[in-house]
Every structure is written in structure tokens, then in C-alpha cells.
Amino acid sequence: MLALWAGFYAIMPMLSYDTNGIDEGAARALLLNWSIADHVINPIVILGIPDFRAFLFGPLTIYWPGSMLAAKVFVVLVFAAGIAWCYRWAHARFGEETAMVSMGLMLIAPLSLTQIDSLASGPFVLAGMALLWRIEEAYAKTKNAVGGIYYFRLLVIAGLATLHPAGLGYPLALLWRWFKNPTGDNKQRTQVMGGIIIALIIIGVLRAGWIDLAWGSNPLAALGTLISQPAIDDTPEWPLGIIPLLMLVGVIAGYWRRWLTDTAGLGWLLAIAVGALCADGTWALLALGFILTYGTAGVLQWHTRLPVFNFLGQRGLALVLIFVFAILYTRDDKSLYDLHSANIMTSRDRLLRVLASEIEGSKARTTTASQWPGQTMLACRCEVLPLPPPGANSAEFEKSLQGLRYLVFDPADPAVRILKQRVAELNSILKTIAMEDRAVLLEVTPRPALP
């Protein structure tokens, strides 16, 4: 069934096989691998250490450098593996029915589709958490306390920590479990806890990952995408997030006795708690899986307590909820299908297309400074640098523009408020080429030299 699902998504226009809407972190990881494979000097290396996707995308550069199709299919396979492992985890705790319903709804959820299409970190975090559960089971059976499984677990933990703050949830749950020391082996506890802490400290020192995250965003808006996926360029309707929030609170309260004894469940819960600091699509995908798994199990257990021994009494509410979620999800899936079929792009992608045409028509070497250097470089195949520092005044900012031809940024982003002010002060040398709802393209026209 997973093979049929993956084949359907790959063959039908459910995914876009161009550079539209690619996650910034994924774009940097792909560009780093492609530049190494093709021996191309690329300014992407000055943007800092990318997240763990740069390592996972490594095999793609050997056989399919430059192929977005290969990258999308790879993420489909990663998500399918994560769903398979989550299915086994749910089956072991709640039974086959809960696992089948919850993971089946995850497969058709439009949020899953958009996360795959953008090469976002959500499928990788979900798969990594489920993989850690399998590793922990294998480690419990091994007699070698410090062996291959021990170091492989540290590698997965370090990788999760680079992808998203939610990736810290499972390592924190493991630290709690080994702090309680269920095996009674103090030496092994020190080795495991020390290894996890050292892996997290190394990642923090290297400052790898956590690229272009929406810190402090509204969690209700992200939860609203669990009910209805917004159209391109539309803002998520945060009032819709109240319903998933109530479901999430109900699930946490309903299983409150499990959290300190079930490491995997506690890790999932902590991932949602920590990831709420930047509530984006990755965080919403983890919340969706959590709600579907525990919510389905809770509804089915509630049915068993009813004294009504017919189909409606034993499965009526569960069946209604399945139909409601399935109808909502397939409706939004059809909308995404129509958008891909019509080749409709976001405002940022449209503006990057304009930049690509400007650069293509220019004979001179051009350098662009962008708020999203990875996405810009991927779309325009040009030399891109990060945005210049705004400086203390407009004169300093003008000096930092030397050598640049274009500027691309989101004027509505509070992070570039000072830069936006400097741009307004230098409107005599900065010409607006194109402007979209959340993106603007400026051309730098240096002042003529004095005789």
C-alpha cells in the first residue's frame, strides 16, 4: 500500500518537480551537494553549516545531481519509511486498528503533501523520531553498551537536533529515561546521558541547522492547517486552530499517566512542546500525527466502555470522524492537484522568476543579495549572497551595496525592518523592479563617479 501511495504521488501532478516553494534549508543542502558533485565554486558554502539534510541528500548527488525529481521522490520514500515505523509503534501500543486508521489519514493529509513538495524537515523529523524508537529497542537487547548501535543513535540524535527545535523532544525524553536509570547500571547511564549531551553540545557549538525558521509564530495558525490547508499566498486561519488545540489538550490530559513511563510517547509530546517555539509546517505535521494516533486510540477505547453492543455503539463515532477527516483532506488534496496542474506559484516564486529573467537578459556578471539565498540561487542559477548589513546609517549601507546588482527580501518581515528603512533612505540608487505581496526585487544603480 505504501508503494502504491508513493507511486500515485510521484506519477500524478500532486508534486511540483521544479524549484517552486522549496524550503530554504533544503535548498541550501541540495546546492551544497550539487556544487561538490559538479566541482562548482558556489557561494552557498559561506552561509554556514547546513542541517542534516545535506548528509541525507548525499546519495542523490552521486547519481542524479541537479534533479529535483530525484529529491522529491527521495523525500516521498523518507516519509513512507517514517509512516511505516510509526505504524509499527502505534500497533505495538494501541493495536492494529489504531495504527491503520491514524497512519492512513496521515498519508492523505494535505499537510503531508505540502511538506513533501517543499522538501521540508517535517518528514525527516517524523522518520527520525520513529527510527530512534527502533534503535532504542535494539539497544535494549544488545550486550555491548558502547557499540555500533550506541554511536548510530548519537548520529540520529545529532541529525534531529539540526533539523528543527522539535527534534530535541526525543533526546530530552531519552535523557529523562536514563536519568531514572531503569536498568540499574550507573556506568551505562553515564555513558548514554553523556553521549547525548555531548552530541547536542557539538551541534550547538557548530550552529548547524535551524535555517529560516518562523520563531514566535502563532501556533493556532499552524494548527489551523490540520483542518484546512490554505491556498497559495493565503494566511492560515488561526480560529480553525482552536479545534485541533482542544483535541491536543484532550489527548494530553487523557493519557497523562503514560508520559513518564513511555519514552517514545514522551518524546513526541516534548517535540510538540519545544517545537511550538517556531510553529511551522514541520511542527504542525508532528502535532497531526500525535493527535491522530492518540486521538484514534482514545475514541476506540471510549467505544469499548459503552454498553451498546452493535456497530454504531462500538465504532459509530470513530467512523464519523474518519469520514470527516477523509473528506476534508481529499478536498484540499484536489485543490493542490488543481494548483499544480495550472502551474500556479507563490508570490515569492513569481518574483524569483522575474529575477531569473532579468539575470538571463543581462550580459554582465550580476550578484544578488537575498533574504532567501538558497531558494534564490536554486531558482535563478546565479551568484547569491545574504542580505548586506544595514549599517549605522545610510552611508554605511550604501558602501555595503558595492558589487551588488539586485536585492530580494520581504518588506513585511520584522527581521528586515532596519534594512527596509535604509532602502527608503537610498531610493535614489535603488530601483523597484517587481513587487509582490511578501517580496520585493530592487536593482542597485550606483551613483555616477565624480569627475
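**Two helix crossings**

Biologist: Helix 17 passes helix 18 in a right-handed crossing. What makes a crossing right-handed?

Modeller: The near helix is turned clockwise from the far one by less than a right angle; anticlockwise would make the crossing left-handed. By the way, this is a predicted model, where local features need pLDDT of at least 70, side-chain atom pairs count only at pLDDT 80 or more, and totals for chains, interfaces and linings use all residues. Residues are numbered from 1 along each chain as its sequence is written, and side-chain values use heavy atoms, leaving out hydrogens and water.

Biologist: Why are helix 17 and helix 18 called oblique?

Modeller: Their axes cross at roughly 55°. Under 35 degrees is roughly parallel, over 145 roughly antiparallel, 65 to 115 roughly perpendicular, and the rest oblique. So this pair is oblique.

Biologist: Which residues in helix 17 meet helix 18?

Modeller: R348, L352, L355, A356 and I359 do, touching Q375, T376, A379 and C380 in helix 18. Contact means heavy atoms within 4.5 Å.

Biologist: How do you know that helix 8 is mostly covered?

Modeller: 14 of its 20 residues are buried, meaning under 20% relative accessible area (over 50% is exposed, in between is partly exposed; 1.4 Å probe, protein chains only).

Biologist: What should helix 8 span?

Modeller: The expected span is 1.5 Å times one less than the number of residues. For helix 8 that gives 28 Å, and its end C-alpha atoms are 30 Å apart, which agrees.

Biologist: At what angle do helix 8 and helix 15 pack?

Modeller: About 45°, with their axes 8 Å apart, so they count as oblique too.

Key:
Axes are lines fitted to C-alpha atoms, for helices over the stretch in contact, and angles run from 0 to 180 degrees between N-to-C directions. Helices (H or I, at least four residues) and strands (E, at least two) are DSSP runs, numbered from the N terminus.
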